[in-house]
Amino acid sequence: MAQVKSGDKINVHYTGRLTDGTLFDSSEGREPLEFQVGSGMVIKGFDEGVTGMTVGEKKTVHIPVAEAYGEMDSSYLAVFNKEEIPSDIPYEVGMQLNMHQDGTGQVMPVIVVEVTETTITLDANHPLAGKDLIFDLELVSIG
């Protein structure tokens, strides 16, 4: 029976949890995730987790921070004076906002992490940065 190797295009069902059991993503009720193994389309630990699996196989993989979204990076925190934020934009701790990058036209999702009387602190780290992840996997197809 064929085993997944780098370069294979595969379909996999998955459920992603944090180590405390919090569910953060799942393909349940949707089409399985399709990607090419080793192409950088998914995090390193996910690529490594599916490698060697056979069609129909189920397994659970534990992915440490370094093979997931990395550690939190304090350089991705930005503090703004409230006057710099347009008054029509509502914000509260935990809310996701989209911030436009100067000159590039690209939009970066940020999370409001602190609000004081005069400032608002935004975090552009990936929401799963700094976290170990657990994935329950089921290989649906290879090729």
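## Strand E8 and its two faces

In this predicted model, both faces of strand E8 are covered, with Thr119, Thr121 and Asp123 buried on one side and Ile120 and Leu122 buried on the other. In a regular strand, side chains alternate between the two faces of the sheet. Because five of the five residues of E8 (residues 119–123) are buried, the strand is largely enclosed by the rest of the structure.

## Pairing partners of E8

Strand E5, which covers residues 77–81, pairs with E8 in the antiparallel sense over five bridges, and within E8 it is Ile120 that stands opposite Phe80.

Strand E7, made up of residues 107–115, also pairs with E8 in the antiparallel sense, here over four bridges, and Asp123 in E8 has Ile111 standing opposite. The connection from E7 to E8 is a hairpin of three residues.

## Overall fold and dimensions

The protein contains one helix and nine strands, which follow one another from the N terminus in the order β-β-β-α-β-β-β-β-β-β. Of the contacts between residues at least 6 apart in sequence, 61% join residues at least 24 apart.

The radius of gyration is 19 Å, whereas a compact globule of 143 residues would have a value near 15 Å, and the C-alpha trace spans about 60 × 35 × 30 Å along its principal axes.

## Surface and charge

Buried residues account for 31% of the 143 residues, and carbon and sulfur atoms contribute 50% of an accessible surface of about 8,800 Å². The protein carries 9 positive and 23 negative charges, and the mean positions of these two sets lie 10 Å apart.

Note on methods. Residues are numbered from 1 along each chain as its sequence is written. This is a predicted model: local features need pLDDT of at least 70, side-chain atom pairs count only at pLDDT 80 or more; totals for chains, interfaces and linings use all residues. Side-chain values use heavy atoms; hydrogens and water are left out. The radius of gyration is taken over C-alpha atoms; the globule rule is 2.2 Å times the number of residues to the power 0.38. Buried means under 20% relative accessible area, exposed over 50%, partly exposed in between (1.4 Å probe, protein chains only). Contact means heavy atoms within 4.5 Å. Accessible areas come from the Shrake-Rupley method with a 1.4 Å probe; for residues, only the protein chains shown count as cover. Lys and Arg count as positive and Asp and Glu as negative; His and the chain ends are not counted. The place of a charge is taken as NZ of Lys, CZ of Arg, CG of Asp or CD of Glu. Two strands pair if DSSP finds at least two bridges between them.
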